[in-house]
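These are my notebook entries on a single structure. I set down what I looked up, entry by entry.

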Amino acid sequence: MSLEKNADGGAARPVPARVEDVRRGNLVRVLAAIAQARTDPQRHPTRADVASLTGLTKASVSSLVAELADSGLVMESGATRDGERGRPGVGLKLSTNRGVVGMEINVDYISAGLLDLGGTLRADKTLECGNRGRSPESVMALLAGLVSEVASDAAAAGIEILGGGLAVPGLVETASGTVSSAPNLQWHNVALGLGGLLPDAPLGTALYNEANCAALAELWYGHGLDFRDYLFVSGEVGVGGGLVIGSRLFAGPHGQAGEVGHVVVDPSGPDCSCGGRGCLETFAGQEAIFAEAGIPAGTASARLEQLEERLGAGNTAATSAVARAGRYLGIAAASTARLMDLSAVVLGGHFTRMGPWIAPAVVRGLAEYAPGLVSPGRVAVSELGQSAALLGAAGSALRSVLAAPYSLAPAG
Ligand SMILES: [Zn+2]
């Protein structure tokens, strides 16, 4: 048994520690109340609103708000109506002078964007580059360059960066900043030097799985407002996925749940990058669709544009390649929905570019293999596009700020 000790090894002092815990908990509650209310920009909550939302006294709220304002997290939004009495009060909102950086490394591009605490994407930069087989050090150097451009934009706009999140298409250990396995990048057990990305940000940079980030972005900024339980499937070079259950991402005990791209849809199908065979990715990943549609070699974005053109023109090879991918997506979604008791499917990543052609095929696949489980109106196409993973990584960083406001020193 160990007694709680001070950092200097002195005797335990439980009472002050509890007072400090209560204060920290109250800071988080006040910040959460202000953050939740941001969905109604017409009426930012007053201190009195926050008091009634949290059950704290107005005096406590005023003192806690002052502390959050000192840390630069909360700002006044000007006069607002105060409840039904019509008396004007001063509204509160999350500071637009503080922000987080979302970053993504994918197989054929890297990107970085600035999200202010109010949830607005203020800058967004993408660099197309072939990262497959490239050394992690050189990709991280490219990314650091892109991040420093975003940081310059932030400084010019008077926004202080508090932290960041990096999304990578593979299995990651968030705590150690290690990519355990990213088959499409050919990276295995790579410790990324995350500290070099945002050296001045107090909360540093955290590492996340790309598909989980995209699923979270969908939850916070997209179809998560319509569905509580769904499978999110993200098409990139690989096919990623995320399970949202009860409006929460279910990442599994090792953060690896929802990897629908490696669900087997044809036991005698082609070999897969994961070492298995006949996975969904071998039919619905970019390479598989481009090859089946007869799209010539080139950059991924050029090939995707060509595919879109051919789909629009009714080219048979293109429409049948996409319909085939959709059918296998439907098969994988049917099994997943059965297993996890899900009632909706959201298509993201490159599938959004093929929406009108792929979604009907997914609906047919679901109807054939799991009749009655997911109704056609509950197969949706994401509207977030390629920035979803970046937005989810930034949103995750934003939430870590909201979860620990006390870890930020008062602004100078
Ligand atoms: Zn696989």
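**Entry 1. A partly exposed arginine and its partner**

I began with Arg-327, which is partly exposed at a relative accessible area of 33%. For accessibility I used a 1.4 Å probe on protein chains only, with buried meaning under 20% relative accessible area, exposed over 50%, and partly exposed in between. The model is predicted: local features need pLDDT of at least 70, side-chain atom pairs count only at pLDDT 80 or more, and totals for chains, interfaces and linings use all residues. Residues are numbered from 1 along each chain as its sequence is written, and side-chain values use heavy atoms, with hydrogens and water left out.

I then looked up the partner of Arg-327. Its side chain meets that of Glu-368 in a salt bridge, at 3.1 Å from N to O. I took a salt bridge to be a side-chain nitrogen of Lys or Arg within 4 Å of a carboxyl oxygen of Asp or Glu. Arg-327 belongs to helix 9 (residues 316–340) and Glu-368 to helix 10 (residues 355–369), so this pair ties together parts 41 residues apart in sequence. Helices (H or I, at least four residues) and strands (E, at least two) are DSSP runs, numbered from the N terminus.

**Entry 2. The salt-bridge network**

How many salt bridges does a search of the whole structure find? I recorded twelve.

I next followed the bridges that share partners. They join Glu-20, Arg-23, Arg-24 and Glu-67 into one network. Within this network, Glu-20 bridges to Arg-23, with the closest N and O atoms 2.9 Å apart. Both residues lie in helix 1 (residues 14–36), three residues apart, or about one turn of the helix. Arg-23 also forms a salt bridge with Glu-67, at 2.0 Å from N to O. That pair links distant parts of the chain, as Arg-23 is in helix 1 and Glu-67 in helix 3 (residues 58–70), 44 residues apart.

I checked the accessibility of three members. Glu-20 is partly exposed at 28%, Arg-23 is partly exposed at 27%, and Glu-67 is partly exposed at 29%.

**Entry 3. The zinc site**

Which residues are the protein donors of the zinc ion? I listed His-262 (ND1), Cys-272 (SG), Cys-274 (SG) and Cys-279 (SG), at 2.0 to 2.3 Å from the ion. Donors are N, O and S atoms within 2.8 Å of the metal (3.2 Å for Na, K and Ca); water is not among the atoms, so sites may look incomplete.

The four donor atoms make angles of 103 to 123°, and the site is tetrahedral. Four donors count as tetrahedral if all angles lie between 85 and 135 degrees. For reference, the ideal angle for four tetrahedral donors is 109.5 degrees. The donor spacing in sequence reads H-x9-C-x1-C-x4-C.

Is Cys-279 buried or exposed? I noted Cys-279 as buried, at 2% relative accessibility, whereas Cys-274 is partly exposed at 41%.

I also looked up Gly-276, in the loop between strand 13 (248–250) and helix 6 (281–284). Gly-276 is partly exposed at 27% relative accessibility. Its C-alpha atom is 8.1 Å from that of His-262, and the two residues are 14 apart along the chain.

**Entry 4. The cavity**

I searched for enclosed space and found one cavity of 30 Å³ or more. A cavity is a set of points, on a 1 Å grid over the protein atoms alone, where a 1.4 Å probe fits but cannot get out; lining residues have an atom within 4 Å of a point. The largest cavity holds about 40 Å³ of space, a volume being the space filled by probe spheres set on the points, which are joined across faces, edges and corners.

Its lining consists of Glu-210, Ala-214, Ser-234, Glu-236, Gly-349, Gly-385, Gln-386, Ala-388 and Ala-389. Helix 5 (210–221) and helix 11 (388–403) each supply at least two of the lining residues. I classed the lining as three nonpolar, four polar and two charged residues. Here Ala, Val, Leu, Ile, Met, Phe, Trp, Tyr, Cys and Pro count as nonpolar, Asp, Glu, Lys and Arg as charged, and the others, Gly among them, as polar.

**Entry 5. Positive phi angles**

Gln-186 has a positive phi of about 60° although it is not a glycine; this residue lies in the loop between strand 8 (178–182) and strand 9 (187–191). Asp-341, likewise not a glycine, has a positive phi of about 60°. I placed Asp-341 in the loop between helix 9 and strand 14 (345–349), and noted Asp-341 as exposed at 65% relative accessibility.

Notes:
1 Å grid on protein atoms, 1.4 Å probe; cavity = no way out; pocket = protein on both sides within 12 Å on 5 of 7 lines; lining within 4 Å. Tetrahedral: all angles 85-135°; square planar, octahedral: opposite > 155°, others 65-115°.
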